[in-house]
Amino acid sequence: MNKILISSLALASLAACIGEKAPHKQNPNVVVIYLDDLGFGDISAYGATELSTPNLDAIASSGVRFTDAHATSATCTPSRYGIITGVYPWRNKDANILPGTAPLIIDTAQVTIPKMLKKLGYHTGIVGKWHMGLGTGVVDWNQHISPGPNEVGFDYSYIMAATQDRVPTVYIENGNVVNLDPNDPIEVSYSSNFEGEPTGRDNPELLTMKWHHGHNNSIVNGIPRIGFMKGGESAKWTDTEMAGNFLEKAQTYVKLHKDEPFFLYYAMQQPHVPRTPNPRFVGASGLGPRGDVIVEADWCIGEFMKTLEEEGLLENTWIVISSDNGPVLNDGYYDDAVEKLGNHKPGGPLRGGKYSLFEAGTRVPFITYWKGKIEPKVSDALVCQIDLLASIADLVGASQTATDSQNKLDVFMGKSEEGRETLILEATSRTALREGDWLMIPPYEGPAVNTMVNIELGNSEEFQLYNLKEDIGQQNNLAQEMREKLDEMMSKFISLRGENYTNTKQLELK
Ligand code: NG6
Ligand code: CA
C-alpha cells in the first residue's frame with residue numbers, strides 16, 4: 001500500500017468517525033428528571049405551603065416555571081411513552097398501565113429522544129422507573145432481558161421494570177437483573193401465586209404496610225405488591241434505599257460521561273406508592289410518608305444538581321423537570337396520605353387527580369433550567385411533554401419525523417409564549433380536547449368518582465366545556481350555554497382523534 005492510499009484511508013475513517021459518532025462538543029447535555037405522581041400543587045414553587053421543596057424552588061425561580069404544561073396522560077405508562085417517543089399514547093393500544101411482565105410497547109424501529117441523540121454522538125442513559133414493558137412475550141428474568149431500554153436508544157440503563165408496587169422488585173442493569181443468584185432463580189406471574197409463597201391477602205401478620213385495595217399479592221420487605229414473585233432473594237431491592245440508589249447511579253452516570261454530550265433520563269419513583277422514605281426523611285414533612293418522599297425527592301434533585309455543578313456542567317446542560325401524571329393520596333395502601341394531609345392541596349387549585357380527565361390529571365409541574373441560557377420566567381404557554389422530542393431535535397440540529405411532537409424550543413427556553421393551539425389529553429383510554437383556554441370533554445360512561453382513590457374521573461353523560469382561564473377549578477360547565485363553541489371543538493376533536501375515539505360509547509353531536 002502506498003503512503004497516499006494509507007493516509008486517505010486514515011482520513012476516510014476519521015471522517016466516518018466524525019460524521020457518525022464523534023461527539024459534537026457544542027451540543028448541550030440534556031437531562032430529563034421525571035417524578036412519579038407528583039401533583040401540580042405538591043411543591044412550594046407551585047404554591048404548596050405545608051411542605052417545603054427548596055431545591056426545586058431554587059431551580060424553578062432561576063428557570064422557566066410553566067403553569068400550563070401537561071403530561072400526555074393521567075397515568076404512567078402512556079405518559080412515559082409520550083415523552084420518550086413524541087407520539088400520542090392513544091395511538092398505541094398497548095400504552096396503558098402495564099403489569100411487570102408486559103412486553104416492550106415501543107417499536108424498536110421507532111424514533112425516541114435517546115435514539116435521535118445517539119445518532120448525533122450523544123451517550124444516552126436511563127436511571128429509574130421504566131414501565132414501558134420488556135421483552136417480546138414471556139420474560140425469563142434469569143437471562144439477558146431484551147428488547148428493553150437499550151434497544152430503543154439508551155446506551156446505559158439501570159431500571160426497575162414497572163412500578164415500586166409491582167413485581168419483580170429488582171433492579172435491571174443493561175438487561176440483567178442486578179445481584180441475581182443463579183441458584184435462586186426469579187419467577188414472576190400476574191395470574192397465580194407460587195405454591196407455599198405468602199401473600200398480602202393470606203398473611204397479614206407479615207406486613208409492615210397494610211393494603212387498602214389491590215396490592216395483596218407477594219410480600220417483599222413487608223410490603224404487599226401487585227403480582228406474584230418467587231426467588232431472587234439476593235436481587236430484591238430495599239425500598240427505603242431506592243431513592244439514594246437511583247441518585248447515586250444518576251450521579252455516577254454524569255461523572256462517567258461528562259466529557260461527551262449526554263442525555264440522561266432520571267426517572268424518580270417518588271411519590272408513587274409504596275411511599276418508603278429513607279429513615280433520614282421520616283417525619284420530614286409532617287404530612288406522613290407521601291410528604292416525606294416529596295421532601296426526599298427534592299433533596300435528591302439538589303444533590304444531583306450539585307454533581308452537575310461540581311463537574312462544571314451546569315452551563316452546558318439543559319434540564320427539564322416534570323411529573324408523569326397528577327396526584328393521588330390513597331393509591332392502594334394505608335399510609336397516612338389522607339389522614340395527615342391537613343391543608344396541603346396536591347393538585348393545587350385544579351380539579352381531579354391521577355386517572356382523571358380533569359386538569360389535575362395531566363397538568364403537572366414543569367420546569368426548564370439552563371444556567372446562563374434561560375432567564376427566570378413564569379410561562380403560561382400551553383405545552384406538552386410530547387413536544388420535547390421535536391424541541392430537542394431543534395436544539396441539537398437533529399432531523400426527526402415524530403408527527404405529534406411540536407417544536408416549542410423557544411417556549412421551553414422562555415423566549416416565546418406561543419404554546420400549542422390544541423392538545424389531546426388522555427386519562428385511562430378516554431381523551432379530551434384542549435384548545436386555547438378551552439377544555440372539552442365528551443360524554444363518557446363510567447363512574448364519576450373512583451371511590452377507591454377518591455378522585456373525580458371526569459366522566460359524565462353530558463358534554464363538558466370549561467374556560468380554564470376564568471375557571472381553573474372547572475366548576476362551570478358551559479357546554480349548554482356555548483353550543484357553537486362546543487360543536488366547533490367536537491368537530492376538531494373528531495378530526496384530530498378520529499370517529500372511533502372511544503369504544504366505551506358511540507357519540508353523536510346532538
Ligand atoms: C393501579 C394501581 C395503583 C398504581 C397504578 C399505576 C391498584 C388497585 N392500583 O392499577 O396503585 O400502581 O396502577 O400507577 O392496583 S402509575 O403511576 O404507574 O400509572
Ligand atoms: Ca405515575
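A polar contact is here a pair of N or O atoms within 3.5 Å; within protein, one atom must be able to donate a hydrogen and the other to accept it, and residues adjacent in sequence count only if both atoms belong to side chains. The model is predicted, with local features requiring pLDDT of at least 70 and side-chain atom pairs pLDDT 80 or more, whereas totals for chains, interfaces and linings use all residues. Residues are numbered from 1 along each chain as its sequence is written, chains are lettered from A and ligands numbered from 1 in written order, and side-chain values use heavy atoms, without hydrogens and water.

**View 1. Polar contacts of ligand 1 with Cys76, Asp165 and His215.** A backbone N or O atom of Cys76 lies 2.8 Å from a ligand oxygen, while side-chain N or O atoms approach a ligand oxygen at 2.7 Å for Asp165 and at 3.0 Å for His215. Of the 450 Å² of accessible area that ligand 1 has on its own, the protein covers 85% (Shrake-Rupley method, 1.4 Å probe).

**View 2. The shell around ligand 1.** Ligand 1 is surrounded by 19 residues, with Cys76, Asp165, Arg166, Asp331 and Lys354 the closest (a heavy atom within 4 Å). Because domain 1 (27–186 + 231–418) and domain 2 (191–230) both contribute residues to this shell, ligand 1 lies between them; the domain bounds come from an automatic or database assignment.

**View 3. Helix 7, residues 387–396.** In this DSSP run (H or I, at least four residues, numbered from the N terminus), 9 of the 10 residues are buried (under 20% relative accessible area, 1.4 Å probe, protein chains only), among them Asp387, Ser391 and Val396. Just after helix 7, Gly397 adopts a positive phi of about 75°.

How values were computed:
Buried means under 20% relative accessible area, exposed over 50%, partly exposed in between (1.4 Å probe, protein chains only). Helices (H or I, at least four residues) and strands (E, at least two) are DSSP runs, numbered from the N terminus.
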